[in-house]
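Please open the structure in a viewer and keep the sequence panel visible. The tour proceeds by selection, and each stop describes what is found there.

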Amino acid sequence: MIVDKAGTPITATDNVQPDTRHGVILYVEDVSVSFDGFKALNDLNLYINDGELRCLIGANGAGKTTLMDVITGKIRPDTGKVNFGQQVDLLQLDESEIARVGIGRKFQKPTVFEALSVYKNIELSLAGDKGIWTSLFGKLTGEQRDRIDEILRTIGLTNEAFYMAERLSHGQKQWLEIGMLLAAEPRVLLVDEPVAGMTGQETERTAELLTSLAGEHSVVVVEHDMAFVRSIARTVTVLHQGSVLAEGSMSEVQSNPEVIKVYLGEDSGEDSGDDNSEGYPSESGEEYIEASSSKEG
Ligand SMILES: Nc1ncnc2c1ncn2[C@@H]1O[C@H](COP(=O)(O)OP(=O)(O)OP(=O)(O)O)[C@@H](O)[C@H]1O
Ligand SMILES: [Mg+2]
């Protein structure tokens with residue numbers, strides 16, 4: 001049986017409301033993960049505030065994806081604590097339970113159903129098992145239709161609602177996948193490298209979309225594209241060798257000597273942002289430092 005910290009049983013289908021009285025929705029404390037003795041996460045501490053949009057940056061191998069794997073239950077940490085709100089211990093839940101309590105994750109590669117319409121893709125993702133059941137055998141309620149329309153508006157695909165998903169551009173597929181996540185009504189959205197491979201225009205729209213989701217949701221974005229991070233970030237957390245190296249506003253972390261050293265050091269220029277093939281300014285460590293010397297704001 002799964003119980004929360006107060007000993008109250010939690011069943012996976014319960015609509016678990018995280019206790020965010022202290023303003024924090026995600027607590028990651030002293031978390032370490034090792035792979036064959038190599039510490040991918042090393043005593044990592046991270047607190048995500050309810051409704052905030054947080055950017056996570058760091059060189060390749062810094063531990064960003066591993067952190068998302070820990071939060072979503074894909075990887076169990078060796079040590080540490082991961083809580084959803086004050087009381088729900090995520091380390092006691094499995095991956096699907098974590099998704100159901102309200103933590104949605106978007107992987108880099110979109111996993112939409114290509115041969116179904118945009119609308120149907122969202123319909124299948126509606127919260128609860130009833131979503132699929134209704135989709136296959138029944139009619140949508142008015143409320144469900146309103147919800148789908150609202151999601152279509154949010155992700156900017158109202159006009160494409162009855163296109164087969166295979167007709168969508170790469171960027172549109174990414175938005176559809178965000179829409180499918182939204183259908184499950186998550187409180188927290190974890191988004192790993194959302195703009196890789198997007199055109200400049202798609203990147204801008206993604207910035208608007210993620211910004212608009214914050215508030216009602218807490219959004220954690222991992223991204224190498226520094227122009228993008230700069231355009232959306234309120235608070236940036238810099239990971240380095242599995243720990244938090246710095247945290248603050250973009251201009252604060254950019255002028256942090258430790259951060260500059262790390263980006264100028266062995267890791268610079270190894271940005272995986274270069275799988276961005278559409279010519280959006282993918283920024284290397286060098287540009288990062290350049291920006292830091294002409295500190296904004
Ligand atoms: N399953 C695994 N087995 C062994 N080592 C792993 C595994 N997953 C990750 N690692 C290692 O852990 C470290 C952190 O990897 P992680 O994928 O979290 O980095 P990242 O910050 O997401 O990097 P990138 O920016 O390249 O996506 C890397 O050195 C990686 O090689
Ligand atoms: Mg990664």
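Begin with helix 3, residues 118–125. Select Val118, Tyr119, Asn121, Ile122, Glu123 and Ser125, which are buried. Because 6 of the 8 residues of this helix are buried, helix 3 is largely enclosed by the rest of the structure.

Now show the whole protein chain, coloured by confidence. The model is predicted, with a mean pLDDT of 84 for the protein chain, and 79% of the residues reach 70 or more. Residues 266–297 call for caution: pLDDT stays under 50 throughout this segment, for which the model has 65 contacts beyond four places in sequence. In cartoon view, the protein chain displays 11 helices and 10 strands. Of its 297 residues, 43% count as buried. Among contacts between residues at least 6 apart in sequence, 68% join residues at least 24 apart.

Next, select the open sheet of 4 strands, whose order is 2-1-4-5 with antiparallel pairing. At its edges lie strand 2 (38–49) and strand 5 (88–89), each of which pairs on one side only. Strand pairing of this kind rests on backbone hydrogen bonds, in either a parallel or an antiparallel arrangement. Isolate strand 1 (residues 24–35) together with strand 2: the two run antiparallel and are joined by 8 bridges. Two of the bridge partners in strand 2 can be picked out by labelling: isoleucine 48 is the partner of leucine 26, and leucine 44 is the partner of valine 31.

Follow these two strands to the turn. Strands 1 and 2 form a hairpin with 2 residues between them. Aspartate 36 is found in this loop and has a positive phi of about 50 degrees although it is not a glycine. Most residues other than glycine have a negative phi. Aspartate 36 is exposed, because just 4 other C-beta atoms lie within 10 Å and 12 or fewer is the criterion for exposure.

For a second positive phi, select glutamine 241, in the loop between strand 9 (235–240) and strand 10 (243–248). Its phi is about 45 degrees, although glutamine 241 is not a glycine. With 16 C-beta neighbours inside 10 Å, glutamine 241 counts as partly exposed.

Turn to ligand 1 and display its shell. Which residues are the closest to ligand 1? They are Phe35, Ala40, Asn60, Thr65 and Thr66, from a total of 11 surrounding residues. By class, the shell comprises 3 nonpolar, 7 polar and 1 charged residues. Helix 1 (residues 64–71) gives the most to this shell, with 3 residues.

The interior follows. The largest nonpolar core has 77 residues, of which Ile71, Leu176, Val221, Val229 and Ile232 touch the most other members. Helix 6 (residues 170–183) supplies the largest share of this core, 7 residues. Centre the view on leucine 176: beyond residues up to four places away in sequence, leucine 176 touches Val112, Val118, Asn121, Ile155, Leu157, Ala165 and Leu168.

Finish at arginine 147, in helix 5 (residues 142–154). Is arginine 147 buried or partly exposed? With 19 other C-beta atoms within 10 Å, arginine 147 is partly exposed, because a residue needs 20 or more to count as buried. Draw a distance from its C-alpha atom to that of glutamate 123: the separation is 9.3 Å, for residues 24 apart along the chain. This last selection leads back to helix 3, where Glu123 is one of the buried residues.

How values were computed: Residues are numbered from 1 along each chain as its sequence is written. Chains are lettered from A and ligands numbered from 1 in the order in which they are written. This is a predicted model: local features need pLDDT of at least 70, side-chain atom pairs count only at pLDDT 80 or more; totals for chains, interfaces and linings use all residues. pLDDT is the predictor's confidence in each residue, from 0 to 100. Two residues are in contact if their C-beta atoms, placed from the backbone, lie within 7 Å. A residue is near a molecule or strand if its C-beta atom, placed from the backbone, lies within 6 Å of it. Ala, Val, Leu, Ile, Met, Phe, Trp, Tyr, Cys and Pro count as nonpolar, Asp, Glu, Lys and Arg as charged, and the others, Gly among them, as polar. Two strands pair if DSSP finds at least two bridges between them. A nonpolar core is a set of buried Ala, Val, Leu, Ile, Met, Phe, Trp, Tyr and Cys residues joined through C-beta atoms within 7 Å.
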